[in-house]
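The following exercises are to be worked with the sequence and the model at hand. Each task is followed by a solution in steps.

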Amino acid sequence: MTVLEWVISSLLLFGALFVLLGSVALLKLPDFYTRLHGPTKATTLGLGSLVFAAMVFFNLLQQILSLQQLLIALFLFISAPVTAHLLIKVAMHHKLKQCENTQGKNNLPQD
């Protein structure tokens with residue numbers, strides 16, 4: 001195996017690990033606010049690593065200029081935080097319950 005293949009394999013394992021951690025966080029965390037945090041952060045990093053591995057593989061090993069992976073990464077890194085922000089705003093507007101340990105409880109809008 002060449003060094004480039006080791007790099008691609010490492011990126012794939014790193015990405016798969018973070019996607020798994022984000023998925024476990026979605027299942028195990030206690031309330032909506034913390035459940036949203038795990039997949040937004042960990043899964044974005046994991047999918048970014050997987051897409052970067054695909055970019056390295058196709059652009060360097062296969063000698064094919066492939067910009068689709070770059071567009072996927074760009075869309076992922078722009079849309080995930082914006083979507084999470086909008087979901088949190090809606091949850092705050094609807095006064096969704098928080099568990100006791102969730103920080104920011106005092107910042108909820110009061111009626």
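## Exercises on a predicted model

H3 is followed by Lys-95, whose phi is positive, near 50 degrees. The coordinates come from a predicted model, and the exercises begin with the overall fold before returning to this residue.

**Exercise 1. Determine the secondary-structure content of the protein chain and judge whether its dimensions fit a compact globule.**

Step 1. The protein chain contains three helices and zero strands. Read from the N terminus, the order of elements is α-α-α.

Step 2. The radius of gyration is 18 Å, whereas the globule rule gives 13 Å for 111 residues; the chain is therefore more spread out than a compact globule.

Step 3. Along the principal axes, the C-alpha atoms occupy a box of roughly 60 × 25 × 15 Å.

Step 4. Of the 111 residues, 27% are buried. The exposed area of the chain is about 8,000 Å², with 71% of it supplied by carbon and sulfur atoms.

Step 5. Among contacts with a separation of 6 or more, 64% join residues 24 or more positions apart.

**Exercise 2. Compare the spans of H1 and H3 with the expected value, and identify the helix against which their buried residues pack.**

Step 1. H1 comprises residues 3–28, which is 26 residues, and extends 37 Å from first to last C-alpha, close to the expected 38 Å.

Step 2. H3 covers residues 68–93. With 26 residues, H3 reaches 37 Å between its end C-alpha atoms, again close to the 38 Å expected at 1.5 Å a residue.

Step 3. The buried residues of H1 are Ile-8, Leu-11, Gly-15, Gly-22 and Ala-25. They pack against H2.

Step 4. In H3, the buried residues are Gln-69, Ala-73, Leu-76, Ala-80, Ala-84 and Ala-91. Their packing partner is helix H2, residues 32–61.

**Exercise 3. Establish whether Thr-44 is buried or exposed, and list its contacts beyond four places in sequence.**

Step 1. Thr-44 belongs to helix H2.

Step 2. Its relative accessible area is 10%. The cut-off for burial is under 20%, so Thr-44 is buried.

Step 3. Leaving out residues up to four places away in sequence, Thr-44 touches Pro-39, Leu-76, Phe-77 and Ala-80. Leu-76 and Ala-80 are among the buried residues of H3.

**Exercise 4. Identify the residues that form a nonpolar surface patch and account for their spacing.**

Step 1. Leu-71, Leu-74, Ile-78, Val-82 and Leu-86 make a nonpolar surface patch of about 490 Å². Leu-86 is located in H3.

Step 2. An α-helix has 3.6 residues a turn, so residues three or four places apart point the same way.

**Exercise 5. Describe the segment after H3 through His-94 and Lys-95.**

Step 1. His-94 is placed in the segment after H3. Because its relative accessibility is 59%, His-94 counts as exposed.

Step 2. His-94 and Ala-25 are 69 residues apart along the chain, and their C-alpha atoms are separated by 23 Å. Ala-25 is one of the buried residues of H1.

Step 3. Lys-95 also lies in the segment after H3. Its relative accessibility is 37%, so Lys-95 counts as partly exposed.

Step 4. The phi of Lys-95, near 50 degrees, is a positive value in a residue other than glycine.

Technical notes
Residues numbered from 1 in each chain as written. Predicted model: local features only at pLDDT ≥ 70, side-chain atom pairs only at ≥ 80, totals over all residues. Heavy atoms only, no water. Patch = residues over 30% accessible without salt bridge, like charges linked within 9 Å, V, L, I, M, F, W, Y side chains within 5 Å. Areas by Shrake-Rupley, 256 points an atom, 1.4 Å probe, with all protein chains shown as cover. Salt bridge = Lys/Arg side-chain N within 4 Å of Asp/Glu carboxyl O. Helix = DSSP H or I, 4+ residues; strand = E, 2+ residues; numbered from the N terminus. Expected span 1.5 Å × (residues − 1). Buried < 20%, exposed > 50% of the residue type's maximum accessible area, 1.4 Å probe, protein only. Contact = heavy atoms within 4.5 Å. Rg over C-alpha atoms; globule rule 2.2 N^0.38 Å.
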